[in-house]
Structure formats: structure tokens, C-alpha cells
Number of protein chains: 2
Amino acid sequence: MSMVEILNTHDFMELALQEAEAAGKRGEVPIGAVLTSSVGKILARSGNRVEEYADPTAHAEMLVLREVARQRNEPRLPDCDLYVTLEPCAMCAGAISLARLRRVYFAAYDPKGGAVEHGARYFGQPTCHHKPEVISGIEEQRAGYLLKNFFNEKR
Amino acid sequence: MSMVEILNTHDFMELALQEAEAAGKRGEVPIGAVLTSSVGKILARSGNRVEEYADPTAHAEMLVLREVARQRNEPRLPDCDLYVTLEPCAMCAGAISLARLRRVYFAAYDPKGGAVEHGARYFGQPTCHHKPEVISGIEEQRAGYLLKNFFNEKR
């Protein structure tokens with residue numbers, strides 16, 4: 001993709017999937033994320049780095065949030081949109097809310113550990129003080145396939 | 001306290017309260033945390049540093065978890081206990097579970113934003129794969145007083 005091309009939702013999720021794939025090759029759970037501005041500029045991209053950084057909080061979502069907040073010297077990012085290949089867990093849903101993101105696009109659903117459409121359903125809790133718009137199921141099959149392959153190989 | 005003194009739950013919470021107070025003086029929400037080993041060695045202590053680090057995830061709990069994981073080069077800390085002055089939010093409850101902490105002691109309850117005894121009640125969700133032992137209400141009044149003062153002064 002050249003710099004002048006206009007990127008859409010599927011292009012951003014494609015980049016997140018590339019990050020997921022690269023994470024899997026590093027021995028991480030293959031999840032990737034991209035953070036964009038409201039006008040579609042890519043601000044950060046990363047895969048999971050829990051093992052690499054020896055950091056239990058180093059999920060892809062957390063890493064892109066933290067990177068952009070640091071770049072801007074501003075912990076609140078209300079103009080930003082997150083693209084992530086798996087439904088966020090409770091930690092990441094909490095961080096997304098604290099960072100006041102505008103929108104979250106995610107690919108695969110995570111009935112076992114997700115906290116958006118499953119489990120805690122955090123954005124629907126009265127204790128959640130900022131609820132982003134959520135768009136789910138984009139490139140769901142590809143993201144799920146990556147994860148399934150990873151866990152099958154681990155067994 | 002000298003190094004040879006045997007510290008108990010209230011001593012650790014006292015240190016967490018000192019961190020909370022110091023955080024308040026830096027303009028952060030006054031919450032503090034201490035992480036100890038199972039034999040009561042203090043491994044890390046911190047207050048909130050969201051504004052200082054421009055990091056929406058820099059809650060006291062997250063900072064001590066991340067510090068000890070980095071020290072040990074190991075993202076899982078199953079022998080560790082957390083002392084924190086306020087009921088953890090969804091993000092921190094998620095991180096506590098991912099880090100597989102043994103125990104969480106917290107002081108004040110947080111009906112507005114807590115995710116342990118309120119809201120998501122994350123550790124009770126079937127999507128939570130590690131549930132620490134939780135001991136709550138230790139030094140509750142002092143921790144609550146610090147927070148109340150802080151928010152009253154902001155108004």
C-alpha cells in the first residue's frame with residue numbers, strides 16, 4: 001500500500017492481522033492491533049509482546065494505546081480508533097475506556113476470555129464511564145484461523 | 001520501620017497509603033500499591049502515574065506488576081500479593097488475573113469504578129481464568145478519606 005492510498009476498515013484490519021501473524025512467529029499469542037486517528041492516519045501498530053517484554057500487560061491493544069499516549073504526551077485519546085484481531089479482554093477493555101477511544105473494531109469473538117460481547121461485557125456496565133463505539137466481526141475467520149493454528153501447534 | 005521488623009498486612013497497606021498520598025501531591029488520583037512476595041518481601045511500590053507518564057494504563061497496580069515482572073524477566077507472578085488502596089478497576093483486575101497473583105488486599109471500596117466487588121465483578125466471571133484470593137476493607141476509611149479530599153479540592 002502506498003502512502004497516498006486511502007485506507008479503509010479492512011486495510012487497517014489487514015495490518016492488524018499482519019501484526020498478529022508476526023507475533024505468532026515470535027512465540028506470542030497471535031493478536032495484533034493498529035491505532036489510527038479519526039482521519040485514518042496510522043499512529044501505532046503492534047502484536048502481543050507478553051513474553052518478549054516479560055510484561056503480563058503487554059497485549060497488542062495496550063502497546064498501541066501506550067505508544068500513542070506517550071508520543072502525544074497525553075493519556076486521553078478521544079479521536080483515536082483501535083483495530084484489533086481478537087475481542088479485547090477485561091484488562092484491554094478497561095484501558096480502552098480509560099483512554100477514551102472513539103471506536104473499537106475487532107475481528108474474532110472470544111467467548112472464553114472476551115469482555116466486550118462476553119463475560120464482563122464491560123462497556124455495558126454502569127461502572128464503565130466511557131463506552132467506545134464497537135464494530136465487531138471484521139475479518140473474523142482469518143483472525144480466528146491464526147489463533148486456532150497457534151494453539152493446535154502448541155498441543 | 002527497620003529491615004528486621006516483621007511486616008504485616010497493615011504495614012504493607014500503610015506503605016501503599018504513603019504511595020497514594022505522594023501520588024496525590026503530584027496531581028495524580030491518590031491511589032498507591034505495594035507488591036510483595038509470599039514471604040512478605042517488598043518487591044515494588046508505586047502510586048498512580050497516569051499524568052506523569054502520559055499513560056492511561058499507569059495505575060499503581062499496573063506499575064508494580066510490570067516492575068516486578070521485568071525484574072524477574074517473567075510475566076507470571078503466582079507467588080506475589082498485591083496491596084492497593086482502592087478496589088481495582090476492570091483494567092487492573094484483568095492484569096492481576098493475567099499475572100496470576102496469589103492475593104489482592106484492597107482498602108476502600110469503589111462502587112463507581114471498581115470491578116472486584118462492583119460492576120463487572122471480574123474475578124467471578126467464567127471468562128476469568130485465574131482468580132486471586134481477595135481481602136478487602138483494610139484501612140478502608142483512611143484510603144477513602146485521601147480520595148474524598150483529593151476530589152473535593154479539585155472542585
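Buried means under 20% relative accessible area, exposed means over 50%, and partly exposed covers what lies in between. Keep those cut-offs at hand for this tour of a predicted model.

**Stop 1: a glycine in a loop of chain B**

Begin by selecting Gly27(B). You will find Gly27(B) in the loop between helix 1 (9–25) and strand 1 (32–36) of chain B. Its relative accessible area is 33%, so Gly27(B) counts as partly exposed.

Now show what surrounds this glycine. Setting aside neighbours within four places in sequence, Gly27(B) is in contact with Glu51(B), Phe150(B) and Lys154(B). Try drawing a distance from Gly27(B) to Lys154(B): their C-alpha atoms are separated by 9.8 Å, while along the chain the two residues are 127 residues apart.

**Stop 2: an asparagine with a positive phi**

Stay in chain B and select Asn73(B). This residue sits in the loop between helix 3 (60–72) and strand 3 (81–86) of chain B. Asn73(B) is not a glycine, yet it has a positive phi of about 55°. Is Asn73(B) buried or exposed? With a relative accessible area of 57%, Asn73(B) is exposed.

**Stop 3: an alanine with a positive phi**

Move over to chain A and select Ala54(A). Here too the residue is not a glycine, and its phi is positive, at about 50°. Ala54(A) belongs to the loop between helix 2 and helix 3 of chain A. The relative accessibility of Ala54(A) is 1%, so this alanine counts as buried.

**Stop 4: where the two chains meet**

Ala54(A) also leads to the next view, so display both chains together. Chain A and chain B bury about 2500 Å² between them, with 65% of that area on carbon and sulfur atoms. Which three residues supply more than any other three of the area that chain A buries against chain B? They are Ala54(A), Pro56(A) and Arg66(A), which together supply 22%.

Colour the residues in contact, and 32 residues from chain A and 32 residues from chain B will light up. Next, look for charged pairs across this interface: there are 4 salt bridges between chain A and chain B. One to zoom in on joins the side chains of Asp55(A) and Arg66(B), at 2.8 Å from N to O. Between the two chains there are also 6 residue pairs in polar contact, counting pairs with both residues at pLDDT 80 or more.

Switch to a cartoon view of chain A. Helix 2 (50–53), helix 3 (60–72) and helix 4 (90–98) of chain A each bring at least two residues to the side that touches chain B. Helix 4 of chain A gives the most to that side, with 5 residues. If you colour this side of chain A by residue type, it divides into 15 nonpolar, 10 polar and 7 charged residues.

**Stop 5: salt bridges within each chain**

Side chains of opposite charge can pair when their charged atoms come close. Over all chains, the structure holds 22 salt bridges.

Select Arg142(A) and Glu14(A), whose side chains meet in a salt bridge of 2.8 Å, N to O. Arg142(A) lies in helix 5 (residues 140–154) and Glu14(A) in helix 1 (residues 9–25) of chain A, so this pair ties together parts that are 128 residues apart in sequence. Arg142(A) is partly exposed at 39% relative accessibility, and Glu14(A) is partly exposed at 24%.

Then select Arg49(A) and Glu52(A), which form a salt bridge with their closest N and O atoms 2.7 Å apart. Arg49(A) is buried at 17% relative accessibility, whereas Glu52(A) is partly exposed at 43%.

In chain B, select Arg49(B) and Glu52(B): their side chains meet in a salt bridge of 2.7 Å, N to O. Arg49(B) is buried, with a relative accessible area of 17%, and Glu52(B) is partly exposed, at 42%. Back in chain A, add Glu139(A) to Glu14(A) and Arg142(A), and you have one network joined by salt bridges that share partners.

**Stop 6: the nonpolar core**

Finish inside. The largest nonpolar core has 96 residues, and those touching the most other members are Leu35(A), Leu82(A), Leu101(A), Leu35(B), Leu82(B) and Leu101(B). Centre the view on Leu101(A). Beyond neighbours within four places in sequence, Leu101(A) is in contact with Leu35(A), Leu65(A), Leu77(A), Cys80(A), Leu82(A), Ile96(A), His130(A) and Pro132(A).

Note on methods: Residues are numbered from 1 along each chain as its sequence is written. Chains are lettered from A and ligands numbered from 1 in the order in which they are written. This is a predicted model: local features need pLDDT of at least 70, side-chain atom pairs count only at pLDDT 80 or more; totals for chains, interfaces and linings use all residues. Side-chain values use heavy atoms; hydrogens and water are left out. A nonpolar core is a set of buried Ala, Val, Leu, Ile, Met, Phe, Trp, Tyr and Cys residues joined through side-chain atoms within 4.5 Å. Buried means under 20% relative accessible area, exposed over 50%, partly exposed in between (1.4 Å probe, protein chains only). Contact means heavy atoms within 4.5 Å. Buried area is the accessible area (1.4 Å probe) that two parts lose on being put together, summed over both. A polar contact is a pair of N or O atoms within 3.5 Å; within protein, one must be able to donate a hydrogen and the other to accept it, and residues adjacent in sequence count only if both atoms are side-chain atoms. Helices (H or I, at least four residues) and strands (E, at least two) are DSSP runs, numbered from the N terminus. Ala, Val, Leu, Ile, Met, Phe, Trp, Tyr, Cys and Pro count as nonpolar, Asp, Glu, Lys and Arg as charged, and the others, Gly among them, as polar.
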